[in-house]
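Biologist: I would like to go through how the terms used for this predicted model are justified. Please show the structure before we start.

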Amino acid sequence: MTNEQMLAEIREANMTYLMLAQNLIRQDRSEALFRLGLSEDAADLIATLSPAQILKIASGNMLLCRFR
C-alpha cells in the first residue's frame, strides 16, 4: 500500500466516523456520548458541523477515531 493510498483510507475513515458520530449525537445524545467516548464539548462541536466542515476536518492525515 502506497502512502497516498494510506492517506485516502484515513480520510475515508475520518469522513465515515464524523458522519456516524453526528447522526448518533443527533438521534440519542447520551447513548452517543457513551458509545463514542466523547465529551459534552466534543459532541456539541460535532453536532453543529456543516457538511463542508466535516469534509475539511476529515481531509487531514490523522485518524480521528480511537478504538475502545
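Modeller: Begin with helix H3, residues 40-47, where Ala43, Ile46 and Ala47 are buried.

Biologist: What puts the buried residues on the same side of H3?

Modeller: The arc they cover around the axis is only 95 degrees, which means that they lie on the same side of H3. Asp41 and Leu45, on the other side of H3, are exposed.

Biologist: What makes Asp41 and Leu45 count as exposed?

Modeller: Exposed is the word for over 50% relative accessible area, and buried for under 20%. The buried residues of H3 pack against helix H1 (3-27) and helix H2 (29-36).

Biologist: Which residues of H2 are buried?

Modeller: Ala32, Leu33 and Leu36 are the buried residues of H2. Their arc is only 100 degrees around the axis, so they are on the same side of H2. Ser30, Phe34 and Arg35 are exposed on the other side of H2. H1 and H3 are among what covers the buried residues of H2.

Biologist: Why are H1 and H4 called oblique to each other?

Modeller: H1 and helix H4 (residues 51-58) pack at about 140 degrees, and their axes are 8 Å apart. Roughly antiparallel needs an angle over 145, and roughly perpendicular covers 65 to 115. H1 and H4 are therefore oblique. Their crossing is right-handed.

Biologist: Which residues make the contact?

Modeller: Arg11, Asn14, Met15, Leu18, Met19 and Gln22 of H1 meet Ile54, Leu55, Ile57 and Ala58 of H4. By class, the contact of H1 with H4 has seven nonpolar residues, two polar and one charged.

Technical notes:
Residues are numbered from 1 along each chain as its sequence is written. This is a predicted model: local features need pLDDT of at least 70, side-chain atom pairs count only at pLDDT 80 or more; totals for chains, interfaces and linings use all residues. Side-chain values use heavy atoms; hydrogens and water are left out. Buried means under 20% relative accessible area, exposed over 50%, partly exposed in between (1.4 Å probe, protein chains only). Helices (H or I, at least four residues) and strands (E, at least two) are DSSP runs, numbered from the N terminus. The arc is that of the directions from the helix axis to the C-beta atoms. Contact means heavy atoms within 4.5 Å. Axes are lines fitted to C-alpha atoms, for helices over the stretch in contact, and angles run from 0 to 180 degrees between N-to-C directions. Angles under 35 degrees count as roughly parallel, over 145 as roughly antiparallel, 65 to 115 as roughly perpendicular and the rest as oblique. A crossing is left-handed if the near helix is turned anticlockwise from the far one by less than a right angle, and right-handed if clockwise. Ala, Val, Leu, Ile, Met, Phe, Trp, Tyr, Cys and Pro count as nonpolar, Asp, Glu, Lys and Arg as charged, and the others, Gly among them, as polar.
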